[in-house]
Amino acid sequence: MELCVRASSLLLGLLLQLLSSVDVVSAAQKFGINYGQIANNLPDPTQVAGLLQSLNVNKVKLYDADPKVLMAFANTGVEFIIAIGNENLQSMAGNPGAARQWVTQHVQPFLPATRITCITVGNEVFSGNDTGMMASLLPAMKAIYAAVGDLGLGGQVTVSSAHSVNVLATSFPPSSGAFREDLAQYIQPLLDFHGQTNSPFLINAYPFFAYKASPGSVSLPYVLFEPNPGVRDPNTNLSYDNMLYAQIDAVYAAMKAMGHTDIGVRISETGWPSKGDEDEAGATVENAAAYNGNLMQRIAMNQGTPLKPNVPIDVFVFALFNEDMKPGPTSERNYGLFYPNGSPVYAINTGAGGVSGRTGPFDPYSAQMFSSASRLAVRTASLTLLLLVLPLLSSFSC
């Protein structure tokens, strides 16, 4: 009798383990990824589509509206943020017809097969000194928004713009967050637009830059989401154990100071380089794996910031690939999770699990084996095994 019970338990356990492993592989990641293409050695977009599907990453942000990419991801269910470059802002701001033509050419043909959910108009416009471009940003956004509405796409596509965290004059303590005074004339009406259109405020935030600038005074565990004493905001008594959350809440505070508590904050870029120049402190494989892995685990937990604990952070990690043609210091070419040949720069634990709640490493070598067809084959085999095992289980009536 005892032997029969053990045998039946073993068979059932093996079956449940197989089924749960399929669930874990199929669990959708909750983070997005930035897909930059400033390189001369990247794989074809169809291969990239297969890679991201195998990893269950279902949110992608582009820096353009590359039709090859958008076609490659048709019918995959992956959500896309596409972009209009800074060089187009002034022409669109003064010509609504140009905005409509852009949407007609770069958005309309790909819907609904490709899930374009947001258009970013410009990138870090307020980081430069071009006041003409700054003044053109909101009119260009309004022109694109009007074109989207006129073409009947308003229910599917939002309009925003991505900004450097340096638009803040003050970011600590987070409750004292404030936008730069010289940008107030541009940001106030921009926030009014976001409030009226129910669109998110996008921030590119890199704690790496703070550590790189002052490695002697900035705590590495604090910027890497690793155990540390944390810092307390004296005005709210809220405790922060990482810099990214403090930066997000500083943006919320800055918006509140301008009269807006009705706008969400999304992190459109954040990441950590795996390699840098000699003077780029902290740019190592170990730190990159720690930053992105710890961040992804928090995203998988639906964690919010201390100020907004019930609002899960919404993050796009930078970046999918190392990009060999990016200018600047070595770090700029080494933010990728993958090399262009598809091999991982490092393995990280995303914390994403299936119904069993288990976690596992973000391992491209094993994940690539689980294409859509492979997952179907595994499920089919599992069901076949179930049909074979059930009669055996019922026969153990010792």
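This protein has 13 helices and 14 strands, and what you are looking at is a predicted model. Of its 398 residues, 48% count as buried. The protein exposes about 17700 Å², and carbon and sulfur atoms supply 55% of that area. If you take the contacts with a separation of 6 or more, residues 24 or more positions apart account for 70% of them.

**The barrel**

Start with the strands. Eight of them close into a barrel, and going round you meet them in the order E1-E2-E3-E4-E5-E8-E11-E12, with parallel pairing. From one strand to the next, the twist averages 25°.

Where does strand E1 (residues 32-34) meet strand E12 (residues 315-317)? The two run parallel and are joined by two bridges. Ile 33 has Val 317 as its bridge partner in E12.

Elsewhere in the barrel, E4 and E5 also pair in the parallel sense, this time over four bridges. Thr 120 stands opposite Ser 160 in E5. Strand E5 itself covers residues 158-164 and is mostly covered, with six of its seven residues buried.

**Lys 61, a lysine tucked away**

Now look at strand E2 (residues 59-61), which is where Lys 61 sits. Is Lys 61 buried or exposed? Its relative accessibility is 1%, so Lys 61 counts as buried. The cut-off for that label is under 20% relative accessible area.

Leaving aside neighbours within four places in sequence, Lys 61 is in contact with Ile 33, Asn 34, Tyr 35, Ile 81, Ser 268, Glu 269 and Phe 316. With Asn 34, there is a polar contact of 3.0 Å between the two side chains. Glu 79 is 18 residues away from Lys 61 along the chain, and the C-alpha atoms of the two are separated by 8.4 Å.

**Helix H5, with one face covered**

Helix H5 spans residues 96-106, and its buried residues are Ala 99, Trp 102, Val 103 and His 106. Why do these residues of H5 line one face of the helix? Seen down the axis of H5, they fall within an arc of 95°, so they end up lining one face. The general rule behind this kind of pattern is that an α-helix has 3.6 residues a turn, so residues three or four places apart point the same way.

What do the buried residues of H5 pack against? Their partners are helix H3 (67-72), strand E3 (79-84), helix H4 (89-93), strand E4 (115-123) and helix H6 (131-150). H5 lies across E3 and E4, and runs at about 145° to E3. At the start of H5, a side-chain oxygen of Asn 95 reaches to within 3.0 Å of the backbone nitrogen of Gly 97.

**Ser 54 and a few polar contacts**

One more residue to find is Ser 54, in helix H2 (residues 45-54). Ser 54 has a relative accessibility of 4%, so it counts as buried. Its side chain reaches the backbone oxygen of Leu 51.

Here are the polar pairs from this tour, side by side:

| From | To | Distance |
|---|---|---|
| Lys 61 side chain | Asn 34 side chain | 3.0 Å |
| Ser 54 side chain | Leu 51 backbone oxygen | 2.6 Å |
| Asn 95 side-chain oxygen | Gly 97 backbone nitrogen | within 3.0 Å |

Key
Residues are numbered from 1 along each chain as its sequence is written. This is a predicted model: local features need pLDDT of at least 70, side-chain atom pairs count only at pLDDT 80 or more; totals for chains, interfaces and linings use all residues. Side-chain values use heavy atoms; hydrogens and water are left out. Buried means under 20% relative accessible area, exposed over 50%, partly exposed in between (1.4 Å probe, protein chains only). The arc is that of the directions from the helix axis to the C-beta atoms. Contact means heavy atoms within 4.5 Å. A polar contact is a pair of N or O atoms within 3.5 Å; within protein, one must be able to donate a hydrogen and the other to accept it, and residues adjacent in sequence count only if both atoms are side-chain atoms. Two strands pair if DSSP finds at least two bridges between them. Axes are lines fitted to C-alpha atoms, for helices over the stretch in contact, and angles run from 0 to 180 degrees between N-to-C directions. Accessible areas come from the Shrake-Rupley method with a 1.4 Å probe; for residues, only the protein chains shown count as cover.
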